[in-house]
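Here is a predicted model to read closely. The questions below ask what lies behind each label.

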Amino acid sequence: MAAHREAAHRKPRQRLFTGPAARRAATLALAGAAAATVLDGAAQANPRLTPAQVEAKVDRLYHDAEVATEEYNGAKERSAEAERSLDALRDEAARGTERLNAAREALGAFAAAQYRSAGIDPAVRLALSSDPDQYLERASFEDRAGDRQAGALNGVRRQAADLARLRARAQDELAVLAARRADLEQHKDAVRTKLADARRLLATLTAAQRADYERSADAAHGGSGVRADRGTPRGSVAAPNARAAQAVAFAYGALGKPYVWGASGPASFDCSGLTQAAWRAAGISLPRTTYTQINAGRRVARSELVPGDLVFFYSGVTHVGLYIGGGQMIHAPRPGAPVRIAPISQMPFAGATRVA
């Protein structure tokens, strides 16, 4: 009876899925859990943004990407400088090695000759000599040669020490170069991340909303700015000198070319790449970044601007254009916006520099 009662109270065994049915059930359960987690996380961490909020975030990301681009340009320039310094040290070390090897060979040959002739006592050599005067003259020469040998030996020692110092400097410069390259990669990743985030946000807008955003962004940066005749804007003045005129002419020739971060021509430009290329065409070398270009000439007031002056924007001096007169500039605005003419009043003015 006890066994019968125990069996009666035992729960019926549930039948488990097996084979394909089990795999389908498990897959559906995992998919449902994953979807619930993603949707819940997205709802909490990334609530749906309005088109205006998306556009504001995209604007900020483009600005941050431009800041990172200028940092990338600076890191690239520093990396190139470190590489040139390392190459120079290596060349100098190679020349030093050649000189040291030549000096060692000369010293070795002299030492071998001395060894071969030093086997007889000088007094015996004098006694055996058929011409004592000639022997004494030769002995005096050998004394002088010994002095030269000592000097050559000291010279070899100095050259070896100099070469060791050069190699140590080259090793230090190699470490600097590695750090510069790591810095370069970090800024490159930052630019790519900002631009990818901007593209993802823009993809959440409808086609009409994206078109509205592009129109408003164009207006904020001066419209298309590409004139069919590439003429001078109304109200502008002539460039103050031939070099400034050459820089302005180059900028006009770049109108319509695409913005590409890190580019300095001839097919594409970023903002500081355009101004650097324009003045390079005029025979003047500018540094690569906005925050170094602003110190590359004489600062001028906004009311004193003439064509060819560099005009800078934002508190961090993160954007630059080339002034062309009439309150306008030519600049490379941002990804997706080609080189164009724009009023300098469209962005927060940070300063201006006259290069020549």
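**Helix packing and cores**

The axes of H7 and H8 come within 7 Å and cross at roughly 130 degrees.

Q: Why are H7 and H8 called oblique to each other?
A: Their axes cross at roughly 130 degrees. Roughly perpendicular covers 65 to 115 degrees, and roughly antiparallel needs an angle over 145. The crossing fits neither class, so H7 and H8 are oblique to each other.

Q: Is the crossing of H7 and H8 left-handed or right-handed?
A: The crossing is right-handed.

Q: What makes the contact between H7 and H8?
A: On the H7 side, Arg243, Ala244, Gln246, Ala247 and Phe250 take part. They meet Leu274, Ala277, Ala278, Trp279 and Ala281 in H8. Contact here means heavy atoms within 4.5 Å.

Q: How do you know whether Leu255 is buried or exposed?
A: Leu255 has 4% relative accessibility. The cut-off for buried is under 20%. Leu255 therefore counts as buried. Its place is in the loop between H7 and H8.

Q: How far is Leu255 from Ile341, in sequence and in space?
A: The two are 86 residues apart in sequence. Their C-alpha atoms are 7.8 Å apart.

Q: What makes H8 "mostly covered"?
A: Of its 11 residues, 9 are buried. Among them are Cys271, Gly273, Leu274, Thr275 and Trp279. Just after H8, Gly283 takes a positive phi of about 90 degrees.

Q: What makes the largest nonpolar core a core, and which elements feed it?
A: A core joins buried nonpolar residues through side-chain atoms within 4.5 Å. The largest one has 29 residues. Those with the most contacts inside it are Tyr252, Phe269, Trp279, Leu310, Leu322, Ile330 and Val339. Helix H7 (242-253), helix H8 (271-281), strand E2 (310-313) and strand E3 (319-325) each give two or more residues to this core. A second, separate core of 14 residues includes Leu61, Val191, Leu195 and Tyr213.

Q: Which residues is Leu310 in contact with, leaving aside its neighbours within four places in sequence?
A: The list includes Thr275, Trp279, Leu286 and Gln293. It also includes Val320, Gly321, Leu322, Gly351 and Val355.

Q: How many helices and strands are in the chain, and what share of its residues is buried?
A: The chain has 9 helices and 6 strands. Buried residues make up 33% of its 356 residues.

Q: What share of the contacts with a separation of 6 or more comes from residues 24 or more positions apart?
A: Such residues account for 69% of those contacts.

Technical notes: Residues numbered from 1 in each chain as written. Predicted model: local features only at pLDDT ≥ 70, side-chain atom pairs only at ≥ 80, totals over all residues. Heavy atoms only, no water. Helix = DSSP H or I, 4+ residues; strand = E, 2+ residues; numbered from the N terminus. Buried < 20%, exposed > 50% of the residue type's maximum accessible area, 1.4 Å probe, protein only. Axes fitted to C-alpha atoms, helices over the stretch in contact; angles between N-to-C directions. Parallel < 35°, antiparallel > 145°, perpendicular 65-115°, else oblique. Left-handed = near helix turned anticlockwise from the far one by under 90°.
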